[in-house]
Amino acid sequence: MPISPKLGAATAAANMSEIAPCYSPQEALIEANRCLFCFDAPCIQACPTGIDIPSFIKKIANNNLTGAARTILSANILGASCARVCPTEVLCEGACVVLDREGDPVKIGRLQRYATESVLNDAYKAHNLAKLLECAPDPSGALSNGGQKSKAAEDSRTPRRSATDSATGVSSAADKSRRRVAIIGGGPAGLGCAAELAQLGHQAVVFEKKPHPGGLNTYGIAYYKMTPQVSLQEIELIRSMGVEFRCGVEVGKDVPISQIESEFDTIFVGIGLGKGARLNVPGEELPEVLEALDFIEEIHTKPLHEVPVGERVAVIGGGNTAIDAVTQAKRLGAKEAVIVYRRSQADMSAYAFEQELAKTDGAAFLFNVVPVEILGEAGHVKGIKLARTASANGTLQVLAGSEFEEPFDMIIKAIGEEKQAAMLKKLFPALELDARGVVKRDSETGQTNLPKVFTGGDCANGGREVVNAVAEGKKAARGIHACFSREKVTGPVQASRYGVKGEPVGSGFEKPIRVKELEHQYKRGQQ
């Protein structure tokens with residue numbers, strides 16, 4: 001039987017409302033004053049974009065929200081999105097010293113949202129987004145916001161030329177290098193690259209095949225975490241910096257790559273991952289069998305009360321996308337929503353806090369089972385045939401004679417996305433890929449084996465967090481800038497670390513590190 005919407009508009013909106021609403025001013029002030037404002041802050045080391053977290057929290061405590069937002073956005077142009085979607089428990093908040101002292105970290109993500117939301121909303125309404133990234137004079141020369149001067153520039157005492165116009169925060173005409181960079185893919189990596197290029201004085205043009213830029217931020221994040229409007233507001237901020245967007249344009253199809261290569265000085269490739277992986281079982285072509293990201297995109301592009309969902313929904317997979325899908329199916333009115341995973345709960349790649357959220361919303365779990373066939377009747381899904389599995393020495397085995405059937409009327413596949421190897425090779429036949437099908441590149445600059453092609457994000461790292469993609473796009477922009485100008489941009493660095501002996505360190509931007517790695521380093525240092 002075909003699936004259909006289950007809820008009215010008011011109920012759907014209430015069910016899909018945010019799980020962590022924005023702080024009130026009083027809540028933010030109380031939370032900000034829990035911060036210890038560490039000198040060698042572990043939270044910065046655990047942030048892939050190297051946001052000076054103690055600095056922006058101090059500014060919140062002093063009611064300087066514009067300053068707090070600038071500190072965030074100068075390091076991470078998608079700071080508003082990342083405040084909502086980052087797995088802070090394994091990044092900044094997991095590294096928070098207050099977590100060890102009190103058992104509860106400073107809520108960095110929610111404070112970051114508080115600062116960016118209030119300031120971005122005000123600037124958006126006032127048509128004044130560009131002024132947010134107005135930066136103070138940097139005596140080193142034309143370096144970007146959030147960057148540190150090179151050693152050579154530090155030793156010189158010549159007056160600096162700002163990379164941005166003091167009135168607008170955008171590179172002035174005099175500063176424009178007249179170098180043009182094509183950004184293929186308007187997701188977080190492409191946006192991070194485009195924004196940094198604009199601040200460094202270069203012209204960035206983003207080619208995006210969908211109607212709107214933003215990638216997963218616009219189309220693929222669980223609605224109860226972030227609505228697409230947040231992502232689209234960030235797009236307007238980047239547009240205000242002088243970045244051009246050409247949406248509904250697929251490079252290689254609507255415009256030949258030869259034209260891109262002839263019209264632009266360099267190319268950044270940030271096309272992410274491809275379509276969902278297949279189960280390769282009978283019945284997979286039935287109409288109620290959906291890809292998880294397609295299901296989530298439908299939630300983002302339709303009124304919530306018009307999104308069809310089954311009565312009993314199976315979500316196949318054990319990652320964070322599977323959790324997003326099963327939770328949203330339940331919130332949209334499914335009577336039952338079940339995670340179907342081939343291994344044990346201990347083997348799930350979904351974060352523990354995400355799993356707990358799904359359980360709280362009433363989702364169920366079937367472990368150690370694998371789909372054998374999707375059962376149909378009259379051209380529609382009526383159930384799924386499963387087989388039990390066992391793991392021997394890390395190898396998954398399907399147990400003979402263990403098949404059984406479960407009734408479902410909707411199947412959502414969340415078993416990962418395919419790499420874009422075929423498309424990459426079609427665009428750039430000489431581009432080097434690794435055994436996984438992702439692009440080989442210099443991790444510091446994003447440069448590939450093709451001198452004029454740079455990359456970052458999921459197509460280069462195989463699939464990581466939004467914040468990692470932003471950081472990799474920003475690094476690639478600096479690599480492109482170095483090729484154009486021979487100037488190296490470094491940092492950001494926590495301001496209080498200037499003046500320490502040797503080179504200031506401590507930013508996760510230059511060496512992303514997760515909480516477990518930080519803990520290992522600390523314990524090793526105590527031995």
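The following exercises, each with a worked solution, concern a predicted model of a protein chain.

**Exercise 1. The chain as a whole**

Task: State how many helices and strands the protein chain has, and what share of its residues counts as buried.

Solution.
Step 1. The protein chain holds 20 helices and 14 strands.
Step 2. It has 527 residues, and 54% of them count as buried.
Step 3. The exposed surface of the protein chain is about 22800 Å², of which carbon and sulfur atoms supply 50%.
Step 4. Among contacts with a separation of 6 or more, 70% are made by residues 24 or more positions apart.

**Exercise 2. The length and cover of two helices**

Task: Compare the expected span of helix 19 with the distance between its end C-alpha atoms, and do likewise for helix 10.

Solution.
Step 1. Helix 19 covers residues 466-485, which is 20 residues. The expected span is 1.5 Å times one less than the number of residues, so helix 19 should span 28 Å.
Step 2. The end C-alpha atoms of helix 19 are 29 Å apart, which agrees with the expected span.
Step 3. Helix 10, residues 188-199, has twelve residues and should therefore span 16 Å. Its end C-alpha atoms lie 17 Å apart, again in agreement.
Step 4. Both helices are mostly covered: 17 of the 20 residues of helix 19 are buried, and in helix 10 twelve of twelve are. The buried residues of helix 10 include Leu 191, Cys 193, Glu 196 and Gln 199.
Step 5. Just after helix 10, Gly 201 takes a positive phi of about 95°.

**Exercise 3. Nonpolar cores**

Task: Determine which residues of the largest nonpolar core touch the most other members, and which helix gives the largest share of this core.

Solution.
Step 1. The largest nonpolar core has 71 residues, and those touching the most other members are Ile 53, Phe 56, Ile 57, Ile 60, Leu 111 and Ile 183.
Step 2. Helix 19 contributes the largest share of this core, eight residues.
Step 3. Apart from this core lies another one, of 31 residues, among them Phe 295, Leu 332, Ile 339 and Ala 358.
Step 4. For one member of the largest core, the neighbours can be listed. Leaving aside residues up to four places away in sequence, Ile 57 touches Ala 32, Cys 35, Phe 37, Val 106, Ile 108 and Leu 111.
Step 5. A general tendency fits this picture: in soluble globular proteins, nonpolar side chains tend to be buried together.

**Exercise 4. Salt bridges**

Task: For the salt bridges Glu 117 with Arg 113 and Glu 354 with Lys 225, state where the partners lie in the chain.

Solution.
Step 1. The whole structure contains 25 salt bridges.
Step 2. The side chains of Glu 117 and Arg 113 meet with an N to O distance of 2.8 Å. The two residues are four residues apart in helix 8 (residues 108-125), so about one helical turn separates them. Glu 117 and Arg 113 are buried.
Step 3. In general, an α-helix has 3.6 residues a turn, so residues three or four places apart point the same way.
Step 4. Glu 354 and Lys 225 meet at 2.7 Å, N to O. Glu 354 belongs to helix 16 (residues 352-360), whereas Lys 225 is in the loop between helix 11 (216-219) and helix 12 (228-240), so this pair ties together parts 129 residues apart in sequence.
Step 5. Buried means under 20% relative accessible area. Glu 354, at 8%, therefore counts as buried, and so does Lys 225, at 15%.
Step 6. Shared partners join Glu 31, Arg 34, Glu 102, Asp 104 and Lys 107 into one network of salt bridges. Within it, the closest N and O atoms of Glu 31 and Arg 34 are 2.7 Å apart.

**Exercise 5. Positive phi outside glycine**

Task: Decide whether Ala 378 and Arg 486 are buried or exposed, and state where each lies.

Solution.
Step 1. Ala 378 is not a glycine, yet it has a positive phi of about 55°. Its place is the loop between strand 9 (369-377) and strand 10 (380-392).
Step 2. Arg 486, also not a glycine, has a positive phi near 65°. This residue follows helix 19, in the loop between helix 19 and helix 20 (515-526).
Step 3. Exposed means over 50% relative accessible area. Ala 378 has 77% and is therefore exposed; Arg 486, with 72%, is exposed as well.

Terms used. Residues numbered from 1 in each chain as written. Predicted model: local features only at pLDDT ≥ 70, side-chain atom pairs only at ≥ 80, totals over all residues. Heavy atoms only, no water. Buried < 20%, exposed > 50% of the residue type's maximum accessible area, 1.4 Å probe, protein only. Core = buried A, V, L, I, M, F, W, Y, C linked by side-chain atoms within 4.5 Å. Contact = heavy atoms within 4.5 Å. Salt bridge = Lys/Arg side-chain N within 4 Å of Asp/Glu carboxyl O. Areas by Shrake-Rupley, 256 points an atom, 1.4 Å probe, with all protein chains shown as cover.
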